[in-house]
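Please take me through this model in the viewer, stop by stop, telling me what to select next and what is to be found at each selection.

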Amino acid sequence: MIRDLSDDEARAALPLKWEASGVVPAWVAEMDYLQAEPVTEALVDAVRRGALGYPPHGDDLGAAFSGFAARHWGWEVPAAASVATGGVMSGIRLALEVLCPPGPVVVPMPCYPPFRDVVTVIGREIVPVHLDPDGDGRLDLAAVSRAFAAGARTLLLCNPHNPLGQVPSHGELAALAALAHEYDARVVSDEIHAPLVLSGATFTPYLSVDDRGILVTSPSKAFNMPATHGAQVVSLQPDDHARLATVPVPAQNTWSSLGVVAGIVAWRDCDEWLAALRQRLSAQRALLTDLLADRLPKARMRPLEATYLAWLDLRGYGVADPAAAALDHGVRVAPGHDYLAGLEGHVRINIATSPDRLERVVDGLARAVGG
Ligand SMILES: Cc1ncc(COP(=O)(O)O)c(C=O)c1O
């Protein structure tokens, strides 16, 4: 059911990821697999029908997402809680600017780099909270409490976490929610990777423990279709909906009609494909573990609980920037310092590819660090 793209197909389909010739790309978060067939059919059909107009005010994305949340996580979220937006990052910007109190924004680090950018772009101060990239990756709740006590009233959560591949526990999120309530702070939870929780881990939707949280999500990551440009801001607070409704058009980051078409089908009709994908990713995760043991025995891999982005500690090899060294050996991975300034010896590897390419990635890294 998961159809691998050949090198030529991937180069044409994923031009950013595959832009450098002669390099095996394992950096940007896209999968070297074709999207699910129901998505293809719906998009082709929409284009044939000329459905390229502006998106409607009301759509069925919220209902499709509610169905997905109930089936996969046992979480009942009203369809009307969802508001469409252009992308997850533009949805986060909207949430921060329109729904969150003024003041500094707490960002757990390491983080997906646009998390830092979005806070800077809206002119707010970032309060970094350290997540141990080599430990359990849990939130330092005492540090969050100190940040709230010092005046921050917003926290930007990544649940599950990119780049650490970690799934926060129910207890951890409930404790964060208690702190948010104590300080009347709001948590904006990016859950774009939630459908990619792998066997062995359990996902908790943040809004299921905090009814004042703000969820921003999209099927674009799990279903490999960022080009369709559709995401959702989900809030259980009617006031938030009233405020979002007043946002002027140039500040809305308008979504795409095709994103609505693809999003509805992905949330509603692709469970079988998603199950096959998760199986495939679990197999890739197991393969990576074996390859590391064989070819990079001094590498330490964090338990990959979710996402297809594995976080590796290569400090055992004494190379400060293994990603730069790997480029010289025909492999592109993401450097750890992209996620935490100054962090040496770490890389993030995208494993959503063929077994053969994953092997070439590990071999290239091993040559680069002298493994
Ligand atoms: C945590 C996280 N949020 C957001 C995005 C990007 O979402 P969008 O393209 O919808 O802005 C990514 C992409 O990899 C991501 O990993």
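Begin by selecting P108, L131, G137, L139, L157, C158, H161, Q166, P168 and E172, the residues that line the largest cavity of this predicted model. The space that this largest cavity holds is about 60 Å³, and when its lining is coloured by class you should find six nonpolar, three polar and one charged residues.

How many cavities of 30 Å³ or more are there? The count comes to two, and for the second largest one the selection to make is L16, K17, E19, A20, V23, P25, W27 and R332, which form its lining. The second largest cavity has a volume of about 30 Å³, and its lining is made up of five nonpolar and three charged residues, with no polar residue among them.

Next, show the ligand, which sits in the largest pocket, and add the residues that surround the ligand, namely A29, G87, V88, M89, Y112, C158, N162, D190, I192, H193 and K221. One of these, C158, is part of the shell around the ligand and also belongs to the lining of the largest cavity. Coloured by class, the shell around the ligand divides into six nonpolar, three polar and two charged residues.

With the shell still displayed, draw distances from the ligand to three of its residues. Which of the ligand's atoms lies 2.5 Å from an N or O atom in the side chain of D190? The atom is a nitrogen of the ligand. At V88 it is a backbone N or O atom that lies 2.7 Å from an oxygen atom of the ligand, and at M89 a backbone N or O atom is likewise found 3.0 Å from a ligand oxygen atom. Taken alone, the ligand exposes 400 Å², and the protein buries 85% of that area.

Now widen the selection to the largest pocket itself, which offers about 710 Å³ of space. Its lining comprises 35 residues, and those closest to the centre of the pocket are V28, A29, Y112, P114 and K221; A29, Y112 and K221 are also among the residues that surround the ligand. To see which elements contribute, highlight α4 (88-99), α5 (113-121), α11 (322-327) and β11 (331-335), each of which supplies at least two residues of the pocket lining. Of the elements, β11 gives the most, with four residues. By class, the lining of the largest pocket divides into 20 nonpolar, nine polar and six charged residues.

The last stops concern the backbone. Most residues other than glycine have a negative phi, and most peptide bonds are trans. Go to the loop between β5 (154-158) and α7 (170-183), where P160 is placed, and select N159 together with P160: the peptide bond from N159 to P160 is cis, with omega near -5°. P163 is also placed in the loop between β5 and α7, and here the peptide bond from N162 to P163 is cis, with omega near 20°. N162, on which this second bond begins, is one of the residues that surround the ligand.

Where should you look for N224? Move to the loop between β7 (214-217) and β8 (231-235), which is where N224 has its place, and check its backbone angles: N224 has a positive phi of about 55°, although it is not a glycine.

Terms used: Residues are numbered from 1 along each chain as its sequence is written. This is a predicted model: local features need pLDDT of at least 70, side-chain atom pairs count only at pLDDT 80 or more; totals for chains, interfaces and linings use all residues. Side-chain values use heavy atoms; hydrogens and water are left out. On a 1 Å grid over the protein atoms alone, a cavity is a set of points where a 1.4 Å probe fits but cannot get out, and a pocket is an open set with protein on both sides within 12 Å along at least five of seven lines; lining residues have an atom within 4 Å of a point. Grid points are joined across faces, edges and corners, and a volume is the space filled by probe spheres set on the points. Ala, Val, Leu, Ile, Met, Phe, Trp, Tyr, Cys and Pro count as nonpolar, Asp, Glu, Lys and Arg as charged, and the others, Gly among them, as polar. A residue is near a molecule or strand if one of its heavy atoms lies within 4 Å of it. A polar contact is a pair of N or O atoms within 3.5 Å; within protein, one must be able to donate a hydrogen and the other to accept it, and residues adjacent in sequence count only if both atoms are side-chain atoms. Accessible areas come from the Shrake-Rupley method with a 1.4 Å probe; for residues, only the protein chains shown count as cover. A molecule sits in a cavity or pocket if more than half of its atoms lie within 2 Å of its grid points.
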